[in-house]
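Here are a few worked exercises to try with the model open in your viewer. Have a go at each task before you read its solution.

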Amino acid sequence: MSGKTGRYDLQSDLNEIDEIEFSKKEKVKRKLSRLKKTMKRKGHNPLSRLKRQSSNSDSDSYSDYSDSGDEEAKRSFTEEIVEYPSISNEGYYWIGKDYCNSYKADFKDVAQFYQDQFDRNSTPRMPWRDEGLVVIGEAARDLARHFIQRWNQCKREKVRHIYAYPFLLPKSYEEPFDYDYKSWFKDQLINCQVQMTRSLDAWSGGLSQTECSILNSYCDLINNAEHFIYIENQFFVTTTDPSRDNEVKNMVGNELVKRIMRAFRDRKKFRVYVVLPLLPGFDNPNAIQAVQYYNLRSIVNGQFSIYQELKNQGVPDPLEFITFYGMRNWAVLMGKLVQEIIYVHSKLMIVDDKYVICGSANINDRSLLGKRDSEVAAVIKDEELFESVLGGERVMVGKYANSLRKKIFKLHLGIYFNNPNKIDVQDCVSDQFYDYFRSTSDENTFVYDYVFKCIPSDNIKTFETLKTYSLSSCLSKTDPIRAKKEMEEKVKGFIVNFPLMFLSKEEIFFPHLRTREGMVPTSIWT
């Protein structure tokens with residue numbers, strides 16, 4: 001506004017916006033300059049890594065690795081003497097904040113992403129487990145349109161009058177998708193039908209009606225599963241009775257119970273494998289406690305849990321149908337034996353080696369109800385089928401879903417690179433394989449606890465035990481040489497049991513109302 005005329009001065013505002021944008025760009029340039037200097041000073045120069053990687057290459061042309069014309073950079077590429085860090089070189093696969101451990105501390109000073117947050121000599125990195133995929137064709141166009149819709153909604157709400165962030169307009173196509181894309185990839189691609197699904201609402205996409213097509217897809221695939229379901233997810237917060245449960249409303253748990261009960265009544269084999277993080281990924285004990293409370297409430301504790309509902313309906317041993325797992329790994333860090341939880345961040349479901357759901361949606365109300373977090377997921381149906389075996393029956397399975405599931409199971413069982421006992425992961429429904437998978441997980445869980453006294457554990461049934469459990473005597477402390485031998489000889493892969501009896505003697509272990517985590521609405525955790 002002009003104080004003299006009272007008229008709106010558009011040009012003045014545009015000039016001010018230009019100045020702000022120019023200032024932002026200058027800040028980014030300065031940060032990038034500091035990053036280059038720091039990485040070079042710390043031996044993180046990516047050019048030197050390329051030099052090491054390309055030492056056996058027929059080409060020594062700098063242009064193969066960079067489009068930079070900077071002479072100093074070229075000299076550093078050709079002349080730098082690589083000095084390996086004093087600690088394990090493996091640690092430098094994760095530069096700066098990429099070397100993280102959310103259980104020790106959440107990310108801090110993220111603008112300084114190139115600076116280490118932890119002492120690599122003493123703090124093990126927390127490994128992550130994730131799944132992703134590439135989508136080509138009409139579904140990719142749908143995904144692009146979804147991005148445009150989300151962008152435009154954010155533009156309207158957050159930066160409506162900042163013209164540096166334009167509204168986007170989806171492109172229209174008269175012709176069908178017809179490109180020779182197979183030459184773009186080294187790996188062989190598999191033909192599938194792909195449908196993009198979403199959790200979207202008025203706030204997140206400007207919709208007049210809430211969309212929860214991801215939840216609908218989960219429920220439909222679970223209901224129509226014939227042989228098995230494999231789930232990997234960062235959370236597992238659900239209910240077996242949405243109509244009576246006042247806290248959780250998504251019906252994934254209800255659909256799992258109904259499908260298992262159908263198999264139980266028909267006396268048919270049906271398996272559900274669920275892999276979760278052993279603990280939620282927070283550095284705040286109360287936040288961990290709150291989410292773990294709802295995870296266990298969904299699985300085993302209380303009237304709306306899957307195990308309790310199956311028992312109520314006459315299933316004597318729910319473990320014959322559905323089992324829950326986590327993942328761990330171990331290593332030697334600076335001469336010390338260490339272990340850490342592998343943080344499962346995937347949002348994946350595989351059904352009957354024919355169908356796959358993969359995307360951003362967790363199994364909780366936040367991701368699935370549509371009116372809360374915005375999510376997207378691809379629902380995939382295999383088109384290239386071949387004959388295989390599930391539960392001893394000859395069945396048709398898909399190349400994509402089957403190959404993905406077998407890779408995952410081999411990784412879990414430690415036979416991905418070497419399989420001396422010729423363990424066959426094809427029939428994951430048979431008693432023989434199901435028992436082997438469970439016994440491997442049982443053995444791994446026992447050895448980890450014997451060597452490290454890991455948290456969480458089924459041996460920790462009270463808060464009193466939790467306080468001192470990891471401090472108690474264990475093999476890694478009393479005899480580390482023997483402990484290392486135990487791990488090398490007895491641990492197979494990464495799979496361990498999810499601790500269903502963790503804090504089971506506590507009447508309720510949700511954070512106390514005196515804490516911030518106990519005071520906030522429960523919807524934060526569900």
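**Exercise 1. Find which residues ring pairs link into a cluster.**

Solution. Start with the criterion: rings of Phe, Tyr and Trp (its six-membered ring) pair if their centres lie within 6.5 Å, with planes under 30 degrees apart called stacked, over 60 edge-to-face and the rest tilted. Ring pairs then join Y230, Y273, Y325, F409, F433, Y434 and F437 in a cluster. A word on the ground rules: this is a predicted model, where local features need pLDDT of at least 70 and side-chain atom pairs count only at pLDDT 80 or more, while totals for chains, interfaces and linings use all residues. Residues are numbered from 1 along each chain as its sequence is written, and side-chain values use heavy atoms, with hydrogens and water left out.

**Exercise 2. Classify the aromatic pair of Y230 and F409, and say where its two residues lie.**

Solution. Step one is the total: the structure holds 21 aromatic pairs. Step two is the geometry: Y230 and F409 are 5.3 Å apart centre to centre with 65° between the planes, which makes the pair edge-to-face. Step three is location, with helices (H or I, at least four residues) and strands (E, at least two) taken as DSSP runs numbered from the N terminus. Y230 belongs to strand β4 and F409 to helix α11 (residues 399-413), so the pair ties together parts 179 residues apart in sequence. Finally, both Y230 and F409 are buried (under 20% relative accessible area; exposed is over 50% and partly exposed in between, with a 1.4 Å probe and protein chains only).

**Exercise 3. Work out how strand β5 is placed among its neighbours.**

Solution. First, look at burial: five of the five residues of β5 (residues 271-275) are buried, so the strand is largely enclosed by the rest of the structure. Next, sort the side chains: R271, Y273 and V275 point one way, V272 and V274 the other. This fits a general pattern: in a regular strand the side chains alternate between the two faces of the sheet.

Now take the partners, where two strands pair if DSSP finds at least two bridges between them. β4 (residues 228-233) pairs with β5 in the parallel sense over five bridges, and F228 has R271 as its bridge partner. On to β6 (residues 322-333): four bridges join this strand to β5, again running parallel, and Y273 is matched with T323.

Last, trace the connection: β4, helix α7 (residues 252-266) and β5 form a right-handed β-α-β unit (with the strands pointing away from the viewer, the path from the first strand over the helix to the second runs clockwise).

**Exercise 4. Decide how many disulfides the count comes to.**

Solution. Recall that a disulfide is a covalent bond between the sulfur atoms of two cysteines. The test applied here is a pair of cysteine sulfur atoms within 2.5 Å. Try C454: the closest cysteine sulfur, in C474, is 8.5 Å away, too far for a bond. The count comes to zero disulfides. As for burial, C454 has a relative accessible area of 4% and is buried, and C428 is buried at 0%.

**Exercise 5. Find which charged residues lie over the rings of W94 and F167.**

Solution. The criterion is NZ of Lys or CZ of Arg within 6 Å of the ring centre and within 35 degrees of the ring normal. R125 lies over the face of W94, 3.9 Å from the ring centre. For F167, the charged end of K155 sits over the ring at 5.3 Å from its centre.
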